[in-house]
Each structure stands twice: as structure tokens, then as C-alpha cells.
Amino acid sequence: MQLKPAVTALVTAVALASLLSGCKKEEAAPPAQNPQVGVVTIQPQAFTLTTELPGRTTAYRIAEVRPQVNGIILKRLFKEGGDVKEGQQLYQIDPSVYDATLKSAQASLTQTKSISDRYKQLVDEQAVSRQEYDTAVANRMTAEANVQTAQINVRYTKVFAPISGRIGRSSVTEGALVSNGQADAMAVIQQLDPIYVDVTQSSAEMLKLRRDLASGQLEKAGENAAKVKLTLEDGTAYSQDGKLEFSEVSVDQTTGSVTLRAVFPNPDHTLLPGMFVHAQLKAGVNSKAILAPQQGVTRDLRGIPTALIVNADNKVEQRELVANRTYGAYWLVEKGLNAGDRVITEGLQYVKPGVEVKVKAADNAKPADASSAAPAAAAGKGE
């Protein structure tokens, strides 16, 4: 019973020492530092809007070669898959029947001409009637027409190329019987230089472009407004630039799209009809475009693109963006960012809206340079 006060005092002393030790540790802890983030400062710049559209190549001109007389094919005078010139003979049809018809028509013409010439002298002497003379003249004219028809048929036994271009395979061989007006073509010639590229654009995109141009938000691209570039199926760029010729005057009701046609030079016949390609059309110039690095743009749970920026007080703010297309490693932002905004691209995982931060220039992204970057104007979703 006498040791009880001493034990109590000892326990009290130990507890007091522990409490004092905890206070010292808490007072010695350094204050929390503001996280450091890397930012890119947004600056508006002139930006040429391009639209990438899928399309297919189409021959500039197509001619289906068909016979205009009946007969047997004697010769094929071209190489399948080769180039032919306009007026070059392609086939020879047996002309023997038509030669005989021509000789018969020429003989009839000689006879009728002799009669009409004789009657002309006799009618002046009133040896024959005027009606007989008129009949003789009519018979001569008919004979002349028969000779012309026979000459045309003889000429048609030689089948010539109606246009210059590349000819495909022949559907007939020597000994085959062909007939005037047959449904199947003997061969098909396609002019490949120049060549058409037909692409489709949605009517909604076309309406938006026209509104932006009318409101002044976009400036016309000037002389190059109709210039078109091409990317081939393997991803390589086509060396020749094309020009836009026309668009359809109506919208396809099933797809809601409009067909655009561009023409490209094709001297080496690199482009063949039916190839799938991508065409880049210059749509206009935005003189005050906002380009944000893709590293600084994320999407929330609703799928809306957002960006974290550092305001004038060095605090983090979240902005909702409208960004519908990319340009290289950048988003073209229509709404949500302004000139001078500092977009965070480094340290996003360490900050949230309202936090005060330290700012440095980002190492993983740089401000966009529309004059040197290669565009990749692909439509995307961002509203």
C-alpha cells in the first residue's frame, strides 16, 4: 500500500514524456510543398483546315469497243493490257461479203449515172418525158447512197480505237462471230492520264464548313482552295497534286453524303481504276486557331474532353473543351481554351482542381507550329 503513490507518479511521468516527444516530432515535420507541373502556353495561330476523305479512283474516259457490222474476226491487232492510240486498228473482221456488196453498188451507180446523163440530153430534145428523167436521177442518187453505205460497212470491218488509253483483255478471239449491236464489248479502253478520284463528304460537314466561311470564322484558302492531295492504299503520299472539279448537286438519301470529284495527273499510271485512296482537301484557314497538345487533353466519365490549366493565381482549373479533329500531336480546340492559357501536360496525376502548383515549361510537349507540322486532319468526336 505504501508503493502505490510512487507507481502512479512513475506512470504519469512516462505518459508526459511520450506526449512531449510526440509534440516535438509533430513540430519538427516540414510543411507540405506545392506539386510541380509542366505546362504549355497556348498561342493562337493561322491554321489551314484540311479534310481527309476516303475515295476510289475512276478512269477519266471509258470506251467499250463493239462491232458495227456482222462477221468473223480474222485478226486481233493489239496486246492485251497495253496502251493504244486513238484511231489505231484493234480488230479485222472478214470484209469479203462487204467488198462484194461495194462492187455491186458501184456497178449499179455506173449504170444509173449513164442513164441519167443520157436522159438529160434527151429531155432537152423532148425525146423522153420529164418524169422519166426525174426517175433516172432518183435512181442515180439511190445508187450513190448504196455505194456510201457499202464503203462504210467495208470501213467498219476494221475496228479502230475510239480513244487513247490502256486496253484490257479481249473477249473475242480469231474465228469468233460478232454482230452489230451485241451486248458484250469486244474490249474496254480506259484513259488513265489524267484520272478521277471520287470521294464522299457528309452533308453535315459541308453545311458546317459553309457556315464557318460565311460567318468569317474561316477564311478561304485562296488560290489553293481547290487543291487536293492523295494518300495511297499503302499509306504513301502520291507525288502529284490534284484539283477539285465538282460536287454532286444532290445528297444521297441512303448515306447522307455528297460526292466530290477531283482530277489527278497520272503520267506513270501509278493510279489504276478502282483503287482505294484517301484525299486531303483544303477546306479553309482559321487565323486564330487554338491547338492543344494531346498529352494535356483527357476525357471525363461522360466522354467530354477536358484539360487542366494553371490560372493567374497558380491554381489548377478544369475546362471542358470542344475538340473535333486532330492535327499531328495536337487537338484543334474550338471552345474551352483561350490565348495565354497554361495547359498542364506533365504531373496531371498529382494535381486536381483548386490545388496550388509550381509551374515549369513542359518537357513532353511544345506549342504547336502549324507552319511546319504535318497535318493529320481526321475527324473525331468531342463535344
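1. A good place to enter this predicted model is Ile-167, which, once its neighbours within four places in sequence are left aside, is in contact with Phe-78, Lys-79, Glu-80, Gly-81, Gly-82, Val-84, Leu-90, Ala-187, Val-188 and Ile-189. Ile-167 is also listed, together with Ile-73, Phe-78, Val-84, Leu-90, Tyr-91 and Ile-189, among the residues with the most contacts inside the largest nonpolar core, a group of 26 residues. Two or more residues of this core come from each of the elements E2, E5 (89-93), H2, H3 and E9. A second core, separate from this one, has 17 residues, and Leu-230, Leu-232, Ala-262 and Val-277 are included in it.

2. For the chain as a whole, the model has four helices and 20 strands, and 35% of its 383 residues count as buried. Among the contacts with a separation of 6 or more, 76% are made by residues that stand 24 or more positions apart in the chain. The accessible surface amounts to about 23100 Å², and carbon and sulfur atoms hold 52% of that area.

3. Strand E2, which covers residues 45-65, is worth following from partner to partner. With strand E13 (residues 276-293) it pairs in the antiparallel sense over eleven bridges, and one place to look for this in the structure is Gly-55, whose bridge partner in E13 is Val-277. Val-277 is also included in the second core of 17 residues. E2 is joined as well to strand E9 (residues 187-202), again antiparallel, by ten bridges, and here Val-65 stands opposite Ala-187. Ala-187 has already appeared in this note as one of the contacts of Ile-167.

4. Another group of strands forms an open sheet, in which four strands follow the order E6-E5-E3-E8 with antiparallel pairing. The strands at the edges are E6 (158-160) and E8 (177-178), and because each has a single partner strand, one side of each is left without a neighbour in the sheet. The pairing of E8 with strand E3 (residues 71-76) is antiparallel and rests on two bridges, with Ile-72 placed opposite Leu-177 of E8.

5. Helix H2 (residues 96-124) allows a simple check of its length: at 1.5 Å a residue, its 29 residues should span 42 Å, and the C-alpha atoms at its ends are 43 Å apart, which agrees. An α-helix has 3.6 residues a turn, so residues three or four places apart point the same way. With that in mind, a student can locate the buried residues of H2, which are Tyr-98, Leu-102, Ala-105, Leu-109, Thr-112, Ser-116 and Val-123, and can then see that the buried residues of this helix pack against helix H3 (130-156). After H2 comes Gln-126, which has a positive phi near 60°.

6. His-269 lies in the loop between strand E12 (257-264) and E13, and although it is not a glycine, it has a positive phi of about 55°. Its side chain is joined to that of Arg-166 by a polar contact of 2.8 Å, and, not counting residues up to four places away in sequence, His-269 touches Asp-83, Arg-166, Leu-192 and Asp-193. Asp-193 deserves a second look, since a cis peptide bond, with omega about 0°, joins it to Pro-194, a residue found in strand E9.

7. Is Glu-346 buried or exposed? This residue lies in strand E19 (residues 342-346), and at 18% relative accessibility it counts as buried, because the cut-off for that class is under 20%. Its side chain reaches the backbone nitrogen of Asp-363 at 2.7 Å. When neighbours within four places in sequence are left aside, Glu-346 is in contact with Val-37, Gly-38, Lys-360, Ala-362, Asp-363 and Asn-364. The C-alpha atoms of Glu-346 and Ala-361, residues that are 15 places apart along the chain, are separated by 9.2 Å.

8. A last point concerns Asn-314, which is in the loop between strand E15 (305-310) and strand E16 (316-320). Asn-314 is not a glycine, yet its phi is positive, at about 60°. Its relative accessibility is 29%, and it therefore counts as partly exposed.

Key. Residues are numbered from 1 along each chain as its sequence is written. This is a predicted model: local features need pLDDT of at least 70, side-chain atom pairs count only at pLDDT 80 or more; totals for chains, interfaces and linings use all residues. Side-chain values use heavy atoms; hydrogens and water are left out. Two strands pair if DSSP finds at least two bridges between them. The expected span of a helix is 1.5 Å times one less than its number of residues. Buried means under 20% relative accessible area, exposed over 50%, partly exposed in between (1.4 Å probe, protein chains only). Contact means heavy atoms within 4.5 Å. A polar contact is a pair of N or O atoms within 3.5 Å; within protein, one must be able to donate a hydrogen and the other to accept it, and residues adjacent in sequence count only if both atoms are side-chain atoms. Accessible areas come from the Shrake-Rupley method with a 1.4 Å probe; for residues, only the protein chains shown count as cover. A nonpolar core is a set of buried Ala, Val, Leu, Ile, Met, Phe, Trp, Tyr and Cys residues joined through side-chain atoms within 4.5 Å.
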